[in-house]
Number of protein chains: 2
Amino acid sequence: MFSTPAPVPTPEHHLSAIDELRALLGDRLSTSASVRERYGKDESFHDSMPPDAVATVASTEEVAEVVTICAKYKCPVIPYGTGTALEGHVAALHGGVCINMMEMNEIVQVNVEDLDCVVQPGVTRKQLNEHLRDTGLFFPIDPGADASIGGMVATRASGTNAVRYGTMRENVLSLTVVMADGRIIKTSRRARKSSAGYDLTRLFVGSEGTLGVITEITLRLYGIPECITSAIANFPDVESAVNTVILTIQSGIPVARMELVDEASMEAINNYSKLDMPVRTTLWLEFHGSESGAKENAESLQMIAGEFGGEDFSWTSNMEERNKLWQARHDAAYACKAMRPNGTIWATDVCVPISRLAECISQTQADIREADVIAPIVGHVGDGNFHLTLLVDHDDPEEVARANNIHERMVNRALAMEGTCTGEHGIGYGKLDFLVAEHGEAVSVMRMIKNSLDPDNIMNPGKILRA
Amino acid sequence: MFSTPAPVPTPEHHLSAIDELRALLGDRLSTSASVRERYGKDESFHDSMPPDAVATVASTEEVAEVVTICAKYKCPVIPYGTGTALEGHVAALHGGVCINMMEMNEIVQVNVEDLDCVVQPGVTRKQLNEHLRDTGLFFPIDPGADASIGGMVATRASGTNAVRYGTMRENVLSLTVVMADGRIIKTSRRARKSSAGYDLTRLFVGSEGTLGVITEITLRLYGIPECITSAIANFPDVESAVNTVILTIQSGIPVARMELVDEASMEAINNYSKLDMPVRTTLWLEFHGSESGAKENAESLQMIAGEFGGEDFSWTSNMEERNKLWQARHDAAYACKAMRPNGTIWATDVCVPISRLAECISQTQADIREADVIAPIVGHVGDGNFHLTLLVDHDDPEEVARANNIHERMVNRALAMEGTCTGEHGIGYGKLDFLVAEHGEAVSVMRMIKNSLDPDNIMNPGKILRA
């Protein structure tokens, strides 16, 4: 299935780069085996592919110096945040220098009147929201992990709030980027919108470190809603839950979160988060607005859910209860992992037009049952996006083959339904072939852009596009 | 100020392209002087720069054939929609073939459950909304003109609803594009979100025909709100109106439209649209939601406006009254033109962080008073975007110089305030120098992309980037 190249000894020209980098960074350049091992691995099952060295940087200018040195020796550069990627994004497939961005973790500006902020890439989403708390503002994008903002930009991350607030695509106003030749650019101004030239901001959002290193980010922020109401409802099957979601969106009810949790996931979550919820197909919802608005929306949704057989509709505005609920949702991947301690998580996602979502999930569940594999499903169903968490013993090739079959069938099914091979995880090197299946001729345009901006292919080579 | 190159006679190699195109298209290729004149001009004051020929096309495949022929002879290609651009976007600065897209005006698919549709580029925004009426869905982006969707994609257009629904940037799901070598690509799938590879969709949104010809567009749609309420309030000055806007957005009140209309514009609108509104600094607002929600939002806004001296707050849910109001707003540019029948409209826009908006508008108004020029201002203030409509007698060089001075000072002021030289009109060839002032080194990255995708510079040459 995945062919991980064997680690190669550090080539001569990389050693030259490392010598120069040591002169620049001193102790902040490490070549220790344990450090390299750690920085060659993300949260996925993909093996560690250690870089030749790890450089810890402190500023945009320093990143530019590091990249300039690496460019001189054609030595690969791989930016690293929290290491919570899921498709082998940080694996040093061709060796080179990992740039640890996590000490660039300053919140540079918060512009309350403009509802925006400027942060360094090592700031995590929780750190940012802690910092914002007294301003009445918040940043809504919330992947499961407490990821770095830089990593979230690089993978075009989203999470449970995307149905209301969009993904990183919609919420990055501007980026500072170090290009492959060491040049520093700023992709945009702080204005909310612009028609001035090519949308370089969006080109770097989701580029997975393959076009440049992101060193500063301007983000949109939002006012914390006056009232937040969370709700849960149970459904007889996936189809009725998805139909509820479709009619809710069509009706223009401004739902902030709409999460589907299947029976297997409910069981895992109950066990892990010490909850006692019914083990059924469930929608987890949230409404943001004024007190009466949130209440009205919750009631409208309850009525729609009722039409499709939804029941046990319960809702709360209590902050503690809400937090408990959503922490459990964010911990779903860990909850799944706990179901099979000797298994490795293979977390993957697809996204389809919502009219095909129920079919896509149900057929995938049928595959899971037939293959006798543990693979809970949760989904950001308002976006048509769902996650499959395969729990696999990677030492058992036969089981890996069965898991691989489910995975391949699911992605190809999503593509056949006009969907995408990944809604929010990215390509890394785990989904290279699916990118080609999805985009066809457009991949050649991506490659033209890559070649023009990084002619020596030093920026995270082998990710998104095969090296 | 603007140096429009003198029209050149059709060069030999363009004639060869035209011969081949005539064989392909027959009557649908025109070289008549009047047709060429018309297709060389948009709604701006920029003179007509006629193309060598106008090709009317019927399908993506035909566009690919036209571009392939033009590429063979290195003959420029300029796509043309409704001709309502404002920065000389369609001027054939280097001759070549104008592709008239307006007969590709089919609505290909409406996917009601998925809230999306697929349209050809010649469909106009009003045509689309007419078509959608019975589905309960609508497409919110509304530049002043009844522009073609293809043109709106190409200029990254927006309008009065952007504060709630975003711009074309946020509302295009996928594009079919004919590249400079005649290749056809599809930039994305129909899924709501994706992390699969570079965001080619956003690269083409706002590319003004310089990277490829857009031949099919998948758009997001929205449910028509249960209740729409429009409101008007008067303010003592721009600052109090803008402060009302800032606090409204911070409070998370979901306003759908927030338009500032200054005294000069109010006078023009009263005259043109036969209305009798107070000639004061005015906010025009709209709320979308449930009946009680829209009412509650309007009331919250009224309270906030009151804090800043806003008065004469009047609101209506009556459809006829609402339509009259917003038609008057959309006709504002024509209303301005009517104020000075012998003048030419010079419509320009900038966008700044909203905290700087009042200052930017007030200083611009002071310049206008001092220069004794007629130049009403309207603004999509929720986004920090405003429009200046200079009414200039272009045969009076001294007056043109005064207008030019106001314009230059306004754009540079916006740039100094971390703003952009255009919020929604685009660069065309009218703002080439401002693009460089705004983006600096990043322009070289835009040029690398342009060179890689269009090495012979045949796609709308001289727009966005100097040829």
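In what order do the strands of the open sheet of 5 strands in chain A stand? In this predicted model, the order is E5-E6-E10-E8-E9, and the pairing is antiparallel. The edges of the sheet are formed by strand E5 (107-111) and strand E9 (184-186) of chain A, each of which has a single partner strand, so one side of each is left without a neighbour in the sheet. Between neighbouring strands of this sheet the turn is 10 degrees on average, with direction ignored. The partner of E5(A) in the pairing described here is strand E6 (residues 116-119) of chain A, to which E5(A) is joined by 4 bridges in an antiparallel arrangement. Within this pair, A:Gln109 has A:Val118 of E6(A) as its bridge partner.

The domain assignment divides chain A into domain 1 (12-102), domain 2 (107-223), domain 3 (227-332) and domain 4 (341-423). A distance of 32 Å separates the C-alpha centres of domain 1 and domain 4 of chain A.

Chain A also contains an open sheet of 7 strands, in which antiparallel pairing gives the order E15-E12-E14-E13-E17-E18-E16. Here strand E15 (311-316) and strand E16 (344-351) of chain A occupy the edges, and each has a single partner strand, so one side of each is left without a neighbour in the sheet. From one strand to the next, the twist averages 20 degrees. At the E16 edge, 8 bridges connect E16(A) with strand E18 (residues 385-392) of chain A, the two running antiparallel, and A:Thr348 is placed opposite A:Leu388 in E18(A). Helix H15 (residues 397-416) of chain A packs on the sheet through contacts with E16 and E18 of chain A, and the direction of this helix makes about 170 degrees with that of E18(A). Another helix, H12(A), lies across strand E12 (227-235), E13, E14 and E15 of chain A, and runs at about 55 degrees to E12(A).

Helix H10 (residues 263-272) of chain A has as its buried residues A:Ala264, A:Ser265, A:Met266, A:Ala268 and A:Ile269. These buried residues of H10(A) pack against three strands and two helices of chain A, namely strand E13 (255-261), strand E14 (281-289), strand E17 (377-380), helix H12 (319-330) and helix H13 (332-339). After H10(A) comes A:Lys274, which is situated in the loop between H10 and E14 of chain A. Most residues other than glycine have a negative phi. A:Lys274, although it is not a glycine, has a positive phi of about 50 degrees; this residue is exposed, with 9 other C-beta atoms within 10 Å. A positive phi, of about 65 degrees, is likewise found at B:Glu418, which is not a glycine. B:Glu418 belongs to the loop between helix H15 (397-416) and H16 of chain B, and is partly exposed, with 19 other C-beta atoms within 10 Å.

The largest nonpolar core comprises 296 residues, among which A:Val97, A:Ile99, B:Val97 and B:Ile99 touch the most other members. When residues up to four places away in sequence are not counted, the contacts of A:Val97 include A:Ala17, A:Leu21, A:Pro51, A:Val66, A:Cys70 and A:Val77. In chain B, B:Ile99 of strand E4 stands opposite B:Pro79, and strand E3 (residues 77-80) is joined to strand E4 (residues 97-100) by 4 bridges, with the two strands running parallel. In a regular strand the side chains alternate between the two faces of the sheet. Both faces of E3(B) are covered, since B:Val77 and B:Pro79 on one side and B:Ile78 and B:Tyr80 on the other are all buried.

The two chains meet through 79 residues of chain B that are in contact with 79 residues of chain A. Several elements of chain B each supply at least two residues of the side that touches chain A, including helix H7 (168-171), strand E9 (184-186), helix H9 (238-250), helix H11 (291-307) and helix H17 (442-453). H17(B) gives the most to this side, with 8 residues. By class, the side of chain B that touches chain A is made up of 29 nonpolar, 30 polar and 20 charged residues.

Terms used
Residues numbered from 1 in each chain as written. Chains lettered and ligands numbered in written order. Predicted model: local features only at pLDDT ≥ 70, side-chain atom pairs only at ≥ 80, totals over all residues. Buried ≥ 20, exposed ≤ 12 C-beta atoms within 10 Å, placed from the backbone. Contact = placed C-beta atoms within 7 Å. Nonpolar A, V, L, I, M, F, W, Y, C, P; charged D, E, K, R; others polar. Domains from an automatic or database assignment. Pairing = 2+ DSSP bridges. Axes fitted to C-alpha atoms, helices over the stretch in contact; angles between N-to-C directions. Core = buried A, V, L, I, M, F, W, Y, C linked by C-beta atoms within 7 Å.
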